[in-house]
Amino acid sequence: MMQKLLFLLLCCEQLLPVTAQLPQRLDLNNQWEFRQAGTINWHPASVPGCVQLDLLSNKIIQDPFYRTNEDSVQWVATKDWEYRKFFITDPAILASRQVDLVFEGLDTYASVYLNDSLILIANNMFREWHCENIKHWLLPGKNELRIQFPSVIRQNEELYNKLKNKLPGDEKVVCRKAAYNFGWDIGPKLITMGIWKPVYLKLHNRIDLLEVRFIQRKLTDTEASMSGVFTLSSNLSGTATIRIDNDSAPFVDHPISIQKGINVFRLDFIIKDPKFWWPNGLGPPTLYPLNYYVFLGDELVGKGLQKIGLRTIELKQQKDSIGESFLFLINNVPVFVKGANYIPQDNFPSRVSDSAYRALLGDVKGLNMNMLRVWGGGIYEKDVFYDLCDELGIMVWQDFMFACAIYPGDKDFLQNVDAESAQNIIRLRWHPCIAIWCGNNEIDEGWKNWGWVKQYNYKPEDSANVYEGYKDLFNGILSNNVNKFDTLRPYISTSPLFGWGKPESKHSGDMHYWGVWWGKYPFCCFKENTGRFMSEYGFQAFPDIDSFKEFAEPGDMKLGSVVMKAHQKHPTGYELIDEYMMREFKRPGDFESYAYVSQILQAEGIKTAIEAHRRAMPTCMGTLFWQYNDCWPVVSWSARDYYGTPKAMHYYLQNEYKDVLVSPVLEKGRLRVYIVSDRNSAMKGHLNVKITGFTGKVLRDTKYQISVPRLTSSCYFDADSAALMKGIDPGKVVLTATFTTADNNHDQYINTYYFVPVKDLSLEKVVITRELNKIPGGYKITLRSDKLAKNVWLSANVKGRFSGNYTDIMPGEPLEIFFVTSYHQEDLLNKIKIRSIQDTY
C-alpha cells in the first residue's frame, strides 16, 4: 500500500515529501492561479478546470448557461491565458532516479515552463503529455510551474490559413479539440482552455512498472487461458518476482531476471471455471479483480489492480440475401443492441463528478440498455465512465474524436493523431465494455452526399488530394493502431456506411436515419426505413418545466423569446417540433402545456422507431437513438435533460427496452401483435388482446396460449383491421396487448395501440383521485380515473424521482407509482401536481 502523502501548504507553495520505494505520484492539482496574459493580477484557479469556470468562480463572468450569457463570454476564447503554481521539492524528490511531470490533459495549445525553462509545447486536448526526467530543471526548495494558453481561435486561424485546400468544418478541423466546443446543434459555442485533467509528478526509483496488460488468449466454459504482459523500466540488474492473484488466490508467483533498461515479461496463467462478463440483461457482468505485485527480494517495488471481464466479442458482417449483416456476438450469443448515443455531460467536462457519472449510467442500466455510443464530436471519456460501464454491463461503441468534417492530411497532423489514438486505445483496451472502435461520425457520408466538393470549389486534383488524406487517417493510421494495439475488437472506419437517402443504407452496415426530423417525414416512415443496425435517429423535445426555471426567468418562458431562441441550436428546431405536433395533437394552450406535449410527441416518435427496429430482428440487430443526455440546458433530442430530469421518452424506454416487447402495429390493413424476446431461453405464456372504450367497457377480448422461442421476433395475433373494428368508433377506443409468462414470476408485458392520432381521440375531462402511502425510501402513489386519462404526468416541487410517468390510466385500473424522496412532510400530497393531455387545451 502506498504510504499516504502529507502536504504542507505554505502560502501558494506546496511541499512534496517522498517516503516510499514504490513509484510515487505527487499530485499538483492544488493552489493554482491564473490571469489573462498581459495583465498584472493573478486569481485563484481550480485544476482540473478551464478558464471559463475560473472566471465564473472569481465572479469575472456570469454563468454562460443562464439566459443569453453565452454571447457575453465569447471574448474569453479570443484572449491568451496563463496558469501558474509554486511547489517545494525536498531532497528525497531530487534523489529519485527520475522525475517526470505528467499532464493527463491540456486544453489545447499550451507552452509549459518550469522555472522559466520551456519544457513542453502541447497541441492536443486528447493526449496525455509526459515531460520525462525533469530533475535538471527542478530546484531545491521553491519551484514555479507556469503554462501559457494562447487563444484557440487565433491559433486555428493561423493553421487553417496555411492549408493548401480549405476543408469542410473550417478552422476547427486543424485543432485536436472537442468539436462540440465550437458550437453544434446540441449545444453552445464555448471554446474552453486550461488544465482540464489532473497534473502530477511521477517519481521513479529502482524499478518502475510502465504497463501491465492482461490478455485473454482463449475462453471456454471450463477455463480462461490468460497472459499477463509486464513492461518494466529498471536501473539495475538482478532477480525479482512477479505475483498475480485474485482475492489472495494466486495465479502466478514467478521469478524474473531483470536487466538495466526496458524489460518485457509475459506470464501465462489459467482461470478455472470462469464466469463470463455479459451485457446488461443477458447475465451478470462479472469482473475479476487481478492484483499484481513486483518484489525485489522481500521489498515491494511495484503493484496495481485491474478489474478484467472474460468475454468474447465479434462483429459479424456477413453477406446474405439482403446485403450484409451488422451483428454483435457476445460469448457466441447474438445480441440485439438497445441503447443510445452519448455526448459529454457538460460543456465544461472537468466539473462532471464521479457521482454524476454513476447516476447517469445507473439510469442507463435501469432502462435495460446494453450499449452507449460515445459520439465522435465530444471527448474520450474519463476512466470512471468506462469503469462503471464495465461494472454495469454497458457496452461502449467508441468513436475516435472526428465528426462531420474533413481533417488535414499533412504529416504533423497525422503524427499527432497517431499518438492520440495509440494512447487512448492502450488506455481503454483492457475494459470489457469496449465493443467496437469507429473511425469517425458521418464524414464519409458528408463527403459523398453533402455537397462539400461543390461548396469548396474543389478541382478534381484537389478532391483527390483531400480524400487521400481522409483515407490515410481513417483507413490507415486509426485502422493500423487498432490492429496493432487491440487485436481482439472490430474497427469500422466510419458511421454510417451509407447515407439515409441511399437504398443501400437499409441493407448493409449501420444506418443514421434522419428522414424523420431533417426530412420532415412522418413518424410512420420509421417503420419503412429500418436498416441492419440503427446507430442514429431522433426527435427533439423541450426539457422539464422546472429545468427551464434553472436557466430562464418567468418572462422568458414563451415561444419566440430571445432566451428560448438561445437555448435551441437547431436552425429550424422549433418550426419542426410545431409542424410534427400539429400532425398529432391539438395546439396546447400555454407554454407549460406546450413543453409537456412536446415530450409526449418525442416519446411517441421514438417508440415507433424502436418497436420497428425490434420487430425487424434478426434483420436489424441494434437500435441507438440520438441522444441520451445533454451538455447544457437546451431544447434537444435528449431523453434526460442537462439537470438529469427524465423526459417522457425516458419513461417510455422503461417499456420499449424490456427484455420482452409486446408490439401492436397496423401493417397493410391488418392489426398485428408481435412479441420480441431478447431472452436467451424459450418461454410460454398467454397473450391477451382487448379493445376497450374510454369509459372502461371491453368491446373485444381474446386470449391465446403461446410459446415464444429465444431471441426471436414473431407475430402472434393477426386480424383484418376493418373486421376487427366493425361497429366501433376508432376515436373512442384503445387496444391493449398483454403477454403474461407461465413461469413462477408471471411477468407481464403490456403495450397499447390507438387507431387515430391523439388530436382525433374523443377525450373528455377526467377526475383523477390520488392516494399516498409511505414506504421505505419514499411513497407509493395510487391514481384512479373515471375515464381514460391520457399521458398522466406527475410533478412535484420537492426533490425526488417518480418510478413511472406519462402513463395512460383506464377506469377500473388503478395506477401505482413510487416517488423516491427524502421529503417526509404531511403536505406532500398537495405538492404533487397531476396533468393529462385533456388539461392542455
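This text walks through selected strands, a surface patch and salt bridges of a predicted model.

Start with strand β26, residues 371–374. Both of its faces are covered. Met-371 and Arg-373 lie on one side, and Leu-372 and Val-374 lie on the other. All four of these residues are buried. Note that an arginine is in this group: Arg-373 shares its side of the strand with Met-371.

Now look at the neighbours of β26. Strand β25, residues 337–342, runs parallel to β26 and is joined to it by 4 bridges. Within this pairing, Leu-372 of β26 stands opposite Ala-340. To get from β25 to β26, the chain passes through helix α5, residues 354–366. This β-α-β crossover is right-handed.

Strand β27, residues 395–399, also pairs with β26. The sense is parallel, and the pairing spans 4 bridges. Here Leu-372 has Val-396 of β27 as its bridge partner. The link from β26 to β27 goes through helix α6, residues 383–392, and this β-α-β crossover is right-handed. Leu-372 is a handy landmark for this region. This buried residue stands opposite Ala-340 and is the bridge partner of Val-396 in β27.

Move next to another sheet. It is open, has 3 strands, and follows the order β15-β16-β19 with antiparallel pairing. Strands β15 and β19 (261–272) are the edges. Each has a single partner strand, so one side of each lacks a neighbour in the sheet. From one strand to the next, the twist averages 20 degrees. Strand β16, residues 223–234, runs antiparallel to β19, and 12 bridges join the two. One position to find in the viewer is Val-229, whose bridge partner in β19 is Arg-266.

A surface patch comes next. Leu-210, Ile-262 and Val-264 make a nonpolar patch of about 300 Å². Leu-210 belongs to strand β15, residues 207–219. Why does Leu-210 count as partly exposed? Its relative accessibility is 43%, and partly exposed residues fall between the 20% and 50% cut-offs.

Turn now to charged pairs. How many salt bridges does a search of the whole structure find? The total is 50. One of them joins Asp-346 and Arg-351, whose closest N and O atoms are 2.8 Å apart. Are these two residues buried or exposed? Asp-346 counts as buried because its relative accessibility is 4%. Arg-351, at a relative accessible area of 34%, is partly exposed.

A further salt bridge sits within helix α14. Glu-579 pairs with Arg-583, with a closest N to O distance of 2.9 Å. The two residues are 4 apart in helix α14 (residues 573–584), so about one helical turn separates them. Glu-579 is partly exposed because its relative accessibility is 32%. Arg-583 also counts as partly exposed, at 26%.

The side chains of Asp-578 and Arg-587 meet in a salt bridge too, at 2.9 Å from N to O. Arg-587 has 44% relative accessibility, so this residue counts as partly exposed.

Finish with a group of charged residues. Arg-35, Glu-82, Asp-116 and Arg-146 are linked in a network of salt bridges.

Technical notes. Residues numbered from 1 in each chain as written. Predicted model: local features only at pLDDT ≥ 70, side-chain atom pairs only at ≥ 80, totals over all residues. Heavy atoms only, no water. Buried < 20%, exposed > 50% of the residue type's maximum accessible area, 1.4 Å probe, protein only. Pairing = 2+ DSSP bridges. Right-handed = clockwise from strand over helix to strand, strands pointing away. Patch = residues over 30% accessible without salt bridge, like charges linked within 9 Å, V, L, I, M, F, W, Y side chains within 5 Å. Areas by Shrake-Rupley, 256 points an atom, 1.4 Å probe, with all protein chains shown as cover. Salt bridge = Lys/Arg side-chain N within 4 Å of Asp/Glu carboxyl O. Axes fitted to C-alpha atoms, helices over the stretch in contact; angles between N-to-C directions.
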